[in-house]
Each structure stands twice: as C-alpha cells, then as structure tokens.
Amino acid sequence: MAALDSKQNNLNTTMQREGFTSTLGAIAATLGSAVGLGNIWKFPYVTGENGGAAFIIVYLIFVLLIGLPLMLGEFIVGRRAQANTVGAYRRLAPDQPWFLGGYMGILAAILIMAFYSEVAGWVLAYIAKAASGALNGISGLEAEHIFAQLQGQVWQPLIWQWVVFLIIAVVIACGVQKGIERMTRTLLPILFVLLLICDIRALTLPGAGEGLRFLFAPDFSKITGPVLLAAMGLAFFKLSLGVGTMMTYGSYMTRADNLPQTAAKVAFSDFLVSILAGIAIFPAVFAFGLQPEAGASLLFLTIPMVFNAMPLGSIFLVIFFVLAGVASIGAMISLVEVPVAFLVEEKGWKRSRATGFTIFFMAVLGILATLSGSTLSDQQIFGMNWFNLYDYISSSILMPVGGLIVALFVGWHLKYPVIRDEASNDGTLNNAGLMKVYTVIIRYITPVAIIVILLSGLGVISL
Ligand code: PHE
C-alpha cells in the first residue's frame, strides 16, 4: 500500500511539473547544456595549456570512466525523485545528509555562471566587432591587442555581460519546454556544419601539420597531478556534471526516455564537437605564430584569423560567433535552472521570482569576474584573480566533490532494483548485462578515480 501511495505521489508530481515533451526534446536539452563555450572556448585553451594530445587522451578516459557513469547516475536520481537536486536527495534519502550535495551543486552553478556569462559577453562583443569589420585582415599581434583591450576595459565587458543575462532571462521566461528545446534543436546542427567548414580551412593552412601533431601525437611525460585534475575538471565542466544540472534535467525526462542511451549520445556528440573545435583552432595557432598556452583568449585570437584566410570569411566570422553565442545559451539556461528549480520546488517561490533572483545574484558575482580583467586585476586570492578563482573552485573542487557524492549515492545508497528499473524503463529495455557492469563502475571505479585525482591534483598525494 505504501508503495502504491508513493507511486501515486510520483505520478501526481510528474503531472504537475513541466517536463520535456519528447525523447528528442530531452536529448536536445541535455546536449544543449553540455555543448557550449566549454567545447569551443574552454576545451581548446585547457588542452593548449596542458600539452595537447596526451591531455586529450586522459580527458577521454575520464569522460568514459567518470563522466558517462555520472551522467547516467544523475539522470537516474533525477527521474526517480522527480525533483530538483536538493529535493531529489531529500526524497530518496530522507533524514540523511546527502542533500548537502545538492546545495553544493547550487553554489557551483552560481560560480560557473558568474564567469561563464563573462565569456559569453566576450562572444557578443566579438559579434559586434566582426560585423563592423574590425577583425578583417588583422595580424596575430593585432588580434592579441584587440582582445586585451576589450578585457582591460571596465564598462564594455560589463555591459555585454548584462546583455547576456538579459537574454537568458527572456529565454527562461518562456518556460522549460519552449525556451530550451526549440533553440537547441534548430541551431546546434548549424554550429556543427560551421565547425566543419572551419576545420577544412584550418587543415589547409600552411603549417597545419604542427597543430595536428599537437592535437594527436601524445607526449605522456606532460601528465602530472595538476594536469590530471585539469582533465577531470574539464570532463565535469563539459558534461555539466556534479552541479545538479543533469539531475534536474533527468527529472524532466519522461518514463519513455532511454537514460543510458541519452547519456552515451550526449557524451559522444559533445566530445566530437570539442575535437572539431580543436581541429579548427590548433593548426591556426601554429600557422599564425600564436601560443597554444595563450589561455582564456585562445578562441578569440585564432578564430578571426582562420576566417580571415577564407573567402567570405568576414560573413562566416559573424555567423560563427552568433552560433557560439547561441550554443552558450543552452548551457547557461541549464545553470540557472539548478537554483530556480530548487527555489520553486523547495521554497515555494514563483518561477518568475526565482529566475529574477537567481540571475541577479549571478550577475552581482559576475561583476568581480569581469572586473578582474581591469580594475581588480591586481587582486589575488590564493594566487588567482576572481575569474580564475571561480573557475578553479567550481571545476577542480565543487564539481568533482559533487560528482563523488552522486557516485556514492547511486552506487551505495540506491538499491540495485532502482537502478535497474530506471535504466531499463521498468524492464522494457534490454540492458541488464550492461547495467551490471555499470553498478561496478559507479560503485568502485568512478569514486576511487575521483578521490585519487582530486588528491593528486591538490598535491596531497603524488602519483
Ligand atoms: N557544459 C557547459 C559547456 O561546456 C557548461 C556547463 C557546466 C553547463 C556545468 C552546466 C553545468 O559549455
């Protein structure tokens, strides 16, 4: 009877909550969260800073052993509980402290958004620059100058960042289904094609070979504890894990959605987009005499030069930044959605109020990240400026710890029948063997890997 009651409860809440309309919608939205500036901005620059091919191989291993299992884990928890991240832990483990993991995720989402919105602001600024012709025919040195000038100003980057928040607010006001699904479904394929065009141009640049060697010929002597942690942090960041995003999105999926398959599709496509971005960027880095270690500016230095070397390049350049901006929207919406779902479901706030409050809060913290390029550039906290600090705390600490909590929760707290029922849609999907392997990975391999990498990256142990 109790079981029946809880089933009834579940049904009721499912009906009251707004979810994704179809399987395609669920994949589009989760893919929309994963694919974003992480692929075209972060993946290349972090790869550049950490030595190239060997880093990518380690990253890929982490995607498979840590990212993919955790994504499925978050889907399982979210869809089972039909709730936001704090609520999900609370429902599935009443009176136990697991829900603290949910709060940590909310904090991570806020910090990520505080610097992510700045990068999205740079993208908007570059749309304007590209459209005005300011990037036509520039040299490597000029490219560096233009970026440094944007970042070094006070008001310009701030205003662009606020425009980003405004856009997000408007999109979210349209609700889960319409806002998120429609944007993603139409525009991601176009971005993909444009990246392919970029790749072809980049590969035919004189000196492209060196960029390809950097991307594909591994030198494992470059792998150290901090490099491992950077690769793991990137896997979390890329796949939107350890924040509660995929848990919240899992809660919007229907009983018909195939969770393991969705996770695999998203992880695979996301990796593909990152590699395509790498192929567009690194040949250009070497062809134009830029530095692979250029850091957060890498995308903004290389892409204008790739397009400059192409017929109709100035038009494609505008389109590229527009699509990059659009791709970032899905990711940002999913970041805002974590606290919003929490405020609405746990605190009873109205959706509009929760959204306004969350965005305002993120924008205030975002000011520090943006000013760290100008007025606050001398301010160092643990040897980092605000921008890097937000990034480091989220990618290297909060997300891995959040992911560890997910792994322990799924692997040790949830009972096997729950995992099996969610992963197989109550036995209608034929994946029992796979799920046996999955439980071993999520119980032992994922958590141990996270702990070891975290400790070695923080210098507590040396491998
Ligand atoms: N995955 C997104 C990207 O790569 C960023 C993100 C991180 C989104 C965490 C949500 C949660 O752009």
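This briefing covers the ligand site of the structure and then a handful of single residues. The model is predicted: local features need pLDDT of at least 70, side-chain atom pairs count only at pLDDT 80 or more, and totals for chains, interfaces and linings use all residues. Residues are numbered from 1 along each chain as its sequence is written, and side-chain values use heavy atoms, with hydrogens and water left out. The ligand sits in the largest cavity, and 14 residues surround the ligand.

**Terms**

- A residue is near a molecule or strand if one of its heavy atoms lies within 4 Å of it.
- A polar contact is a pair of N or O atoms within 3.5 Å; within protein, one must be able to donate a hydrogen and the other to accept it, and residues adjacent in sequence count only if both atoms are side-chain atoms.
- Helices (H or I, at least four residues) and strands (E, at least two) are DSSP runs, numbered from the N terminus.
- Buried means under 20% relative accessible area, exposed over 50%, and partly exposed in between (1.4 Å probe, protein chains only).

**The ligand and its contacts**

- Ala34, Gly38, Tyr116, Phe237 and Lys238 come nearest among the 14 residues around the ligand.
- Tyr116 places a polar side-chain atom 2.4 Å from an oxygen atom of the ligand.
- In the side chain of Lys238, an N or O atom is 2.4 Å from an oxygen atom of the ligand.
- Ser240 has a polar side-chain atom 3.1 Å from a nitrogen atom of the ligand.
- On its own the ligand has 330 Å² of accessible area, and the protein covers 100% of that area (Shrake-Rupley method with a 1.4 Å probe; for residues, only the protein chains shown count as cover).

**The cavity and the shell**

- The ligand sits in the largest cavity.
- A cavity is a set of points, on a 1 Å grid over the protein atoms alone, where a 1.4 Å probe fits but cannot get out; lining residues have an atom within 4 Å of a point.
- A molecule sits in a cavity or pocket if more than half of its atoms lie within 2 Å of its grid points.
- Two or more shell residues come from each of helix 2 (23-34), helix 3 (37-49), helix 6 (99-132), helix 11 (225-238) and helix 15 (313-347).
- Helix 15 gives the largest share of the shell, 3 residues.
- By type, the shell holds 7 nonpolar, 6 polar and 1 charged (Ala, Val, Leu, Ile, Met, Phe, Trp, Tyr, Cys and Pro count as nonpolar, Asp, Glu, Lys and Arg as charged, and the others, Gly among them, as polar).

**Positive phi in loops**

- Most residues other than glycine have a negative phi.
- Ser240 has a positive phi, near 55°.
- Ser240 lies in the loop between helix 11 and helix 12 (245-252).
- Ser240 counts as buried because its relative accessibility is 8%.
- Asn425 also has a positive phi, near 50°.
- The loop between helix 18 (416-423) and helix 19 (432-457) holds Asn425.
- Asn425 counts as buried because its relative accessibility is 7%.

**Other buried residues**

- Arg79 lies in helix 4 (residues 53-81).
- With a relative accessible area of 1%, Arg79 is buried.
- A polar side-chain atom of Arg79 lies 2.9 Å from the backbone oxygen of Asp257.
- Met435 belongs to helix 19 and is buried, with a relative accessible area of 3%.
- Met435 and Arg420 are 15 residues apart in sequence, and their C-alpha atoms are 6.8 Å apart.
- Pro292 lies in the loop between helix 13 (259-287) and helix 14 (298-308).
- Pro292 is buried at a relative accessible area of 7%.
- The C-alpha atoms of Pro292 and Gly52 are separated by 8.7 Å, with their positions 240 residues apart along the chain.

**Partly exposed residues**

- Leu107 is in helix 6 and counts as partly exposed at 44% relative accessibility.
- Trp162 is found in helix 8 (residues 155-173) and counts as partly exposed at 35% relative accessibility.

Terms used
On a 1 Å grid over the protein atoms alone, a cavity is a set of points where a 1.4 Å probe fits but cannot get out, and a pocket is an open set with protein on both sides within 12 Å along at least five of seven lines; lining residues have an atom within 4 Å of a point.
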